[in-house]
Amino acid sequence: MAEILVLFYSRKGSTAELARQVCRGVESVNGARARLRTVPQVTTVIDQPQPPVPASGPPFVTHDDLRECHGLVLGSPTRFGNMAAPLKYFLDGTSALWVNGTLAGKPAGVFTSTQTMHGGQETTLLSMMIPLLHHGMYIVGLPYTESTLSTTRSGGSPYGASHVANAVAQEGAVARLTDDERLLATLLGKRVAELAVRLSGAS
Ligand SMILES: Cc1cc2nc3c(=O)[nH]c(=O)nc-3n(C[C@H](O)[C@H](O)[C@H](O)COP(=O)(O)O)c2cc1C
């Protein structure tokens, strides 16, 4: 089986909901399986150790998850037009894997959630690709042959899947993705998984 790591950070649940749709797309591919993981928050309070497992939701990612995966789909909320610090902090700790080329030659895609339509989805998605390119990954986007990409009035871009949360997102509430956002997130997972299956010969 090709193992696809769906790694996300989410504070209010929107990016988590996109991650679940990406997993659906992964699982729709014969020979592929989704592994959902998250990262801990970062804090300036250093005398309080982080819990080893999250209070709820998927487990925290480990370097073994990166070693074992055949593909990666990375998701973060947009923070000032960039990825959130907890995800960046985790990536900054992967230099040993970079030295060994652990992720080189594996496919990867990215997704994000913003508050506003023009609040920096594309800058976030593009900047999330940079560390993945340094790791030697093959970047997978979304093609305009999928007509939804041309007609969506919410999230979704050629650079990756996305969601516009607007002002309604409340902490703990389930994010309401539009049908277009859901479809494009699923398609991203499917495309990364299909390529991973082909590259790894794991069908
Ligand atoms: C520090 C901070 C910076 C943010 N920067 C942006 C931004 O640049 N553009 C935007 O549209 N939303 C921004 N937001 C809003 C989040 O991106 C948005 O609420 C997102 O849907 C949260 O995802 P989550 O539900 O997965 O936590 C910011 C939020 C915080 C806390």
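Helices and strands are DSSP runs, numbered from the N terminus. The views below come from a predicted model.

**View A. Phe80 sits in the loop between strand S3 and strand S4.** Strand S3 covers 71-79 and strand S4 covers 82-83. Is Phe80 buried or exposed? Phe80 is exposed, because its relative accessible area of 92% is over the 50% cut-off. The backbone of Phe80 also stands out: phi is near 50 degrees. That is a positive value in a residue other than glycine.

**View B. Tyr89 is part of helix H3.** The helix runs over residues 85-92. Tyr89 has a relative accessible area of 62%, so this residue counts as exposed. Which residue lies 47 places from Tyr89 along the chain, with its C-alpha atom 7.7 Å away? That residue is Val42.

**View C. Leu5 is a buried residue of strand S1.** Strand S1 spans residues 2-8. The relative accessibility of Leu5 is 1%. Buried means under 20%, so Leu5 qualifies. Leaving out residues up to four places away in sequence, Leu5 touches Arg35, Arg37, Val61, Asp65, Leu66, Cys69, Gly71, Leu72 and Val73. A further distance links Leu5 to Ala193: their C-alpha atoms are separated by 9.8 Å. Along the chain, these two residues are 188 residues apart.

**View D. Helix H1 packs with helix H7.** H1 is made of residues 14-27, and H7 of residues 179-200. The angle between them is about 50 degrees, and their axes are 6 Å apart. That angle makes H1 oblique to H7. The crossing is right-handed. From H1, the contact uses Leu18, Gln21, Val22, Arg24, Gly25 and Val26. From H7, it uses Glu181, Arg182, Ala185, Thr186, Gly189, Lys190 and Ala193. How do the residues of this contact divide into nonpolar, polar and charged? There are 5 nonpolar, 4 polar and 4 charged residues.

**View E. Ser162 lies in strand S7.** The strand covers residues 161-164. Ser162 is buried, because its relative accessible area is 1%. Its side chain makes a polar contact with the side chain of Gln121, at 2.6 Å. The side chain of Ser162 also reaches a backbone atom: the nitrogen of Gly156, at 2.7 Å. Which residues does Ser162 touch, not counting those up to four places away in sequence? They are Leu18, Thr112, Gln121, Gly155, Gly156, Ser157 and Glu181. Two of these names recur in View D: Leu18 of H1 and Glu181 of H7 take part in the contact between those helices.

**View F. Gln121 belongs to helix H5.** Helix H5 is formed by residues 121-134. Gln121 has a relative accessible area of 8%, so the residue counts as buried. Its side chain makes the 2.6 Å polar contact with the side chain of Ser162 shown in View E. What lies 3.0 Å from a polar atom of the Gln121 side chain? The backbone oxygen of His163 does. Beyond neighbours within four places in sequence, Gln121 is in contact with Thr78, Thr112, Thr114, Gly155, Ser162, His163 and Val164. Thr112 and Gly155 appear here, and Ser162 touches them as well.

Technical notes: Residues are numbered from 1 along each chain as its sequence is written. This is a predicted model: local features need pLDDT of at least 70, side-chain atom pairs count only at pLDDT 80 or more; totals for chains, interfaces and linings use all residues. Side-chain values use heavy atoms; hydrogens and water are left out. Helices (H or I, at least four residues) and strands (E, at least two) are DSSP runs, numbered from the N terminus. Buried means under 20% relative accessible area, exposed over 50%, partly exposed in between (1.4 Å probe, protein chains only). A polar contact is a pair of N or O atoms within 3.5 Å; within protein, one must be able to donate a hydrogen and the other to accept it, and residues adjacent in sequence count only if both atoms are side-chain atoms. Contact means heavy atoms within 4.5 Å. Axes are lines fitted to C-alpha atoms, for helices over the stretch in contact, and angles run from 0 to 180 degrees between N-to-C directions. Angles under 35 degrees count as roughly parallel, over 145 as roughly antiparallel, 65 to 115 as roughly perpendicular and the rest as oblique. A crossing is left-handed if the near helix is turned anticlockwise from the far one by less than a right angle, and right-handed if clockwise. Ala, Val, Leu, Ile, Met, Phe, Trp, Tyr, Cys and Pro count as nonpolar, Asp, Glu, Lys and Arg as charged, and the others, Gly among them, as polar.
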